[in-house]
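Q: Please take a close look at the cysteines of this structure, and then follow the description outward to other parts of the chain. A connected account suited to a first-year student would be appreciated.

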Amino acid sequence: MTYEEALAYLEDTSSFGIKPGLERIQALMQALGNPERDYKIIHVTGTNGKGSVTTYISYALFTSGLRVGRFTSPHLESYTERIEINDVQISKDAFGELINRVCQGVEQIIADGVEPPTQFEILTAAAFLFFKEQGVDYAVVEAGLGGLLDSTNIVKPIVSVITNVTLDHQAYCGDTVEEIAKHKAGIIKEGVPIVTAAQGGPLGVIEEAAKDKHAPLYIFNRKFGIDSRSVVPGGQIMTISAVDAAPAMLFTTMAGVHQSINLACALQAVRLVMEQDDAISEETMREGFARATWAGRFEIKKALDRTFIFDGAHNAAGAESFNMTYQELFEDKPKTIVMAILSDKDENGIIREVVKPKDTVIAVAAPTPRTEIPEQLVENVRQCVKQVVAQTEESVSDALELALRSTQAGDNIVVCGSLYILGEARSWLQDRLSH
């Protein structure tokens with residue numbers, strides 16, 4: 001298959017939708033020779049921050065000279081972003097060939113009477129197969145949705161991480177944070193250490209699951225925590241302490257209190273890996289953390305005499321993190337916001353955190369049937385926030401052109417509300433800068 005043929009094939013499989021369950025992925029992995037058993041795995045889930053933690057961990061490992069696969073979702077611009085080795089995306093040609101091989105496994109299990117796997121299951125299988133073929137030492141794997149019935153949950157990791165638990169994906173994981181926590185806690189395996197920054201009711205659920213599985217549990221603000229934190233040019237510096245290790249002073253380019261908590265979780269996870277791998281040192285780990293970048297997570301780009309900020313802020317907790325980070329860096333500076341929100345999210349919760357009086361909002365549709373209609377989004381913005389200018393545009397690119405025309409040098413332009421629109425926004429800026 002070419003890359004384009006692979007995309008067409010994946011597009012066809014997306015019609016199967018989201019179907020929780022492990023039967024299809026188990027059959028598919030067996031057909032492919034169970035490649036996920038040939039390297040060590042760190043498994044990461046959580047409502048928010050799991051992509052950032054996955055990134056931090058992978059950087060710490062490959063900066064230590066190890067060969068590291070990373071599987072994340074969703075992508076912003078290309079499917080190739082989801083499968084990386086040492087921070088290098090799989091090539092489009094290799095992606096096409098890889099999907100072709102997985103497709104043969106799919107045909108085999110369907111012939112054996114197994115129902116067709118979903119798109120995410122095919123991508124998960126592709127990543128696991130590619131990591132084996134590339135001879136990785138480790139794979140850092142981000143769960144797609146929930147944990148218990150997620151297709152990544154066929155792995156036996158050496159360390160697991162549950163970043164946090166808030167309301168999201170209620171249709172699949174439950175209507176309360178405790179029900180959602182049960183799904184996240186589904187990644188806990190017998191005797192495998194688990195790191196978490198969950199709090200309250202969800203933490204109780206995770207503690208119970210860890211106890212049942214005899215899994216050592218490392219809880220943020222109990223076994224490890226942040227002693228100090230300061231914002232510096234280009235990022236933040238923090239001191240993280242742990243009950244069984246010397247305090248570590250770390251730098252990250254990623255902004256926000258939430259990223260300091262993500263980094264603390266990543267540090268604890270990597271230290272657990274260090275107990276069984278001499279290749280990793282405190283020094284190489286710190287260097288990896290300092291080099292780590294993760295697109296679309298309060299990503300700041302100074303260009304065209306403006307400050308552009310690309311951030312998912314795609315659920316209420318993510319929007320709260322956006323607001324706290326924006327306030328910390330820019331205080332109450334008005335902003336022009338290009339926004340799309342999916343209709344199954346807490347729209348008003350997101351709007352109240354992100355949009356402030358004197359802001360300007362340009363609503364667009366996200367490229368998914370789940371998107372809120374821009375006109376309705378404008379109506380919701382006006383109801384939630386007074387003194388705000390709100391209108392619609394046909395596309396993200398059109399909205400950014402309008403934002404550029406209607407702002408002045410030194411102004412802030414934000415793109416947020418859904419990860420689905422960040423790819424087009426980043427492409428637009430790249431095109432603008434190359435002309």
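A: In this predicted model, the cysteine sulfur closest to that of Cys-416 belongs to Cys-384, and the two sulfurs are 14 Å apart, too far for a bond. A disulfide requires a pair of cysteine sulfur atoms within 2.5 Å, and a search of the whole structure finds zero disulfides. Cys-416 has a relative accessible area of 0%, so this residue is buried. Another cysteine, Cys-265, has a relative accessibility of 1% and therefore counts as buried, because the cut-off for that label is under 20%.

The next residue to consider is Ala-266, which lies in helix α9, residues 257-274. Ala-266 is likewise described as buried, because its relative accessibility is 0%. What does Ala-266 touch, not counting residues up to four places away in sequence? The contacts are Val-53, Tyr-56, Ile-57 and Phe-289. By contrast, the C-alpha atoms of Ala-266 and Thr-360 are separated by 36 Å, the two residues being 94 apart along the chain.

Helix α3 comprises residues 50-63. How many of the 14 residues of α3 are buried? The count is 14 of the 14, so the helix is largely enclosed by the rest of the structure. Its length can also be checked. At 1.5 Å a residue, helix α3 should span 20 Å, and because its end C-alpha atoms are 20 Å apart, the expectation and the model agree. Just after α3, Gly-65 adopts a positive phi of about 90°.

A positive phi also appears in residues other than glycine. His-214 has a phi near 55° and is placed in the loop between α8 (200-212) and β8 (217-219). Phe-298 has a positive phi of about 40° and is placed in the loop between α10 (282-291) and β12 (299-303). Which of the labels, buried or exposed, applies to His-214? His-214 is exposed, because its relative accessible area is 58%. Phe-298, with a relative accessible area of 4%, is therefore buried. A further backbone feature concerns Pro-74, in the loop between β2 (68-71) and β3 (83-85). The peptide bond that joins Ser-73 to Pro-74 is cis, with an omega near -10°.

At the surface, Val-231, Ile-300 and Leu-329 make a nonpolar patch of about 200 Å². Leu-329 belongs to helix α11, residues 316-330. The relative accessibility of Leu-329 is 31%, so this residue counts as partly exposed.

The account ends with Thr-13, in helix α1, residues 3-13. Thr-13 is buried, because its relative accessible area is 5%. Leaving aside neighbours within four places in sequence, Thr-13 is in contact with Gln-119 and Ile-122. Leu-129 lies 116 residues from Thr-13 in sequence, and the distance between the two in space is 19 Å, C-alpha to C-alpha.

Terms used. Residues are numbered from 1 along each chain as its sequence is written. This is a predicted model: local features need pLDDT of at least 70, side-chain atom pairs count only at pLDDT 80 or more; totals for chains, interfaces and linings use all residues. Side-chain values use heavy atoms; hydrogens and water are left out. Buried means under 20% relative accessible area, exposed over 50%, partly exposed in between (1.4 Å probe, protein chains only). Patches are made of residues with over 30% relative accessible area and no salt bridge: like charges are joined within 9 Å, nonpolar side chains (Val, Leu, Ile, Met, Phe, Trp, Tyr) within 5 Å. Accessible areas come from the Shrake-Rupley method with a 1.4 Å probe; for residues, only the protein chains shown count as cover. A salt bridge is a side-chain nitrogen of Lys or Arg within 4 Å of a carboxyl oxygen of Asp or Glu. Helices (H or I, at least four residues) and strands (E, at least two) are DSSP runs, numbered from the N terminus. The expected span of a helix is 1.5 Å times one less than its number of residues. Contact means heavy atoms within 4.5 Å.
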